[in-house]
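Take a moment to turn the structure around on your screen before reading on. This report walks through the places where small molecules sit and then looks for enclosed empty space.

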Amino acid sequence: MSTSPFRLGIVGARGHTGQELIRLVAAHPGLELAFVSSRELDGQRVADHTDGFAGELRFESLDADAVAAKGVDAVILALPNGKAAPFVAAIDAAKPDTLIVDLSADYRFEAGWYYGLPELTRARYAGQRRISNPGCYATAMQLAIAPLAEHLAGPPQCFGVSGYSGAGTMPSDKNDTALLADNLMPYALTNHVHEREVSKQLSLPVEFMPHVAPHFRGITMTVNLWLSAPMSRDAVKALFDARYADAPLVEVIDDAPWVSHIAGRHGAQIGAFTMAPGNGRVVVVATLDNLLKGAATQAMQNLNLALGFDELTSIPH
Ligand SMILES: NC(=O)C1=CN([C@@H]2O[C@H](COP(=O)(O)OP(=O)(O)OC[C@H]3O[C@@H](n4cnc5c(N)ncnc54)[C@H](OP(=O)(O)O)[C@@H]3O)[C@@H](O)[C@H]2O)C=CC1
Ligand SMILES: CC(=O)N[C@@H](CCC(=O)OP(=O)(O)O)C(=O)O
């Protein structure tokens, strides 16, 4: 491992996930925050916008070529979906060994990119310099389904409820607090990109029904699973306990987890394991903070893995 810090830049640092990334990188003993980009906050001090950040670093407005010209060791892309390609192309041309971690959905289906959900895919990491970071819903679904994947009689049905920070900062119905007041907003009820992403990753069809709620952060994923043969609750829970025994960020609990308990925390909770009469069907509930385990914390795990640090460096747990 290098003794001088790895130099890292965050593109899209004004956004919800960018702000969390700034805090995690600043707390990391082996990383130096070389630049943070925002068009809107160009020239302004990071310390004036990011709680917990001290120092004189300022936001810069950087296009793809300007990011590539920085010549850093690692770049995190925290841009809205569909915006990453020019940045990847410019880095490919200027300094292809740069480590890129992309938070968007743009490279989740791309051969050659490592799909970084460490608790489930770590063994597939083979030194790739391009890492696609699964998002909040996809992470929650996979953590809730994977231990039972070999025991299913049909597609899991996943009812997801997200806080409105999941919709980013670009104004839309899904982050309009007036429209969300006293409301639950269903959307993209079939064929959401995360339905396809999880189906591909788990090699089984999943059915996903997302909703946005009036709280700011945290998601609840309630998953209905039909079993290929009846199982006891103890047998179901034992599969989850075994699968996540060595995963400090995934906590398996008895009760159904509450989103209010996970907001601001770096891990996920999985619980309920409620059996239907006859034990042929079980309901599992997963919660995580969409901005942390669903985005920034997971990106930090992936950076740590790729740069040779302990996977949980700078992540409170
Ligand atoms: N929010 C969440 O819960 C999760 C988000 N993700 C993914 O992470 C990514 C970032 O999400 P989030 O932080 O919520 O997004 P935000 O909308 O909060 O932030 C987007 C950032 O990108 C910048 N930006 C926007 N458009 C462009 C552009 N055309 N060129 C350059 N910069 C641009 C914005 O800053 P400025 O306009 O100042 O340049 C801002 O810093 C998305 O791809 C999202 O899908 C993944 C998991 C969870
Ligand atoms: C509430 C809301 O709009 N959520 C976003 C998902 C946020 C997320 O997980 O981002 P990725 O697309 O990077 O996975 C959505 O449904 O598209």
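In this predicted model, ligand 2 is surrounded by 14 residues. The closest of them are R108, C136, K174, Y187 and H194, so you may like to highlight those five when you look at the site.

What kinds of residues form the shell around ligand 2? Six are nonpolar, six are polar and two are charged. The shell also brings together two parts of the protein: domain 1 (6-134 + 294-307) and domain 2 (136-289) each supply at least three of its residues.

Now let us look at some individual atoms at this site. A polar side-chain atom of H194 lies 2.7 Å from an oxygen atom of ligand 2. The backbone takes part too: a polar backbone atom of C136 is 3.2 Å from a ligand 2 oxygen, and for L103 a backbone N or O atom is 3.3 Å from an oxygen atom of ligand 2. On its own, ligand 2 has 430 Å² of accessible area, and the protein covers 86% of that. As for its place in the protein, ligand 2 takes up space in the largest pocket.

Next comes ligand 1. How many residues surround ligand 1? There are 27, and the closest are T17, S38, R39, L79 and N290. Here, backbone atoms of G12, L79 and T169 each pair with an oxygen atom of the ligand. L79 is worth a second look, as it is among the closest residues to ligand 1 and its backbone N or O atom lies 2.6 Å from a ligand oxygen.

The table puts the polar atom pairs of both ligands side by side.

| Residue | Part of the residue | Ligand (oxygen atom) | Distance |
|---|---|---|---|
| H194 | side chain | ligand 2 | 2.7 Å |
| C136 | backbone | ligand 2 | 3.2 Å |
| L103 | backbone | ligand 2 | 3.3 Å |
| G12 | backbone | ligand 1 | 3.0 Å |
| L79 | backbone | ligand 1 | 2.6 Å |
| T169 | backbone | ligand 1 | 2.9 Å |

For ligand 1, the accessible area on its own is 890 Å², of which the protein covers 88%. The space taken by ligand 1 is, again, the largest pocket.

Finally, how many cavities of 30 Å³ or more does a search of the whole structure find? The search finds one. The largest cavity has a volume of about 40 Å³. Its lining is made up of V67, A68, G71, V72, V75, I91, A94, K95 and T98.

Definitions and conventions. Residues are numbered from 1 along each chain as its sequence is written. Chains are lettered from A and ligands numbered from 1 in the order in which they are written. This is a predicted model: local features need pLDDT of at least 70, side-chain atom pairs count only at pLDDT 80 or more; totals for chains, interfaces and linings use all residues. Side-chain values use heavy atoms; hydrogens and water are left out. A residue is near a molecule or strand if one of its heavy atoms lies within 4 Å of it. A polar contact is a pair of N or O atoms within 3.5 Å; within protein, one must be able to donate a hydrogen and the other to accept it, and residues adjacent in sequence count only if both atoms are side-chain atoms. Accessible areas come from the Shrake-Rupley method with a 1.4 Å probe; for residues, only the protein chains shown count as cover. On a 1 Å grid over the protein atoms alone, a cavity is a set of points where a 1.4 Å probe fits but cannot get out, and a pocket is an open set with protein on both sides within 12 Å along at least five of seven lines; lining residues have an atom within 4 Å of a point. A molecule sits in a cavity or pocket if more than half of its atoms lie within 2 Å of its grid points. Ala, Val, Leu, Ile, Met, Phe, Trp, Tyr, Cys and Pro count as nonpolar, Asp, Glu, Lys and Arg as charged, and the others, Gly among them, as polar. Domain bounds come from an automatic or database domain assignment. Grid points are joined across faces, edges and corners, and a volume is the space filled by probe spheres set on the points.
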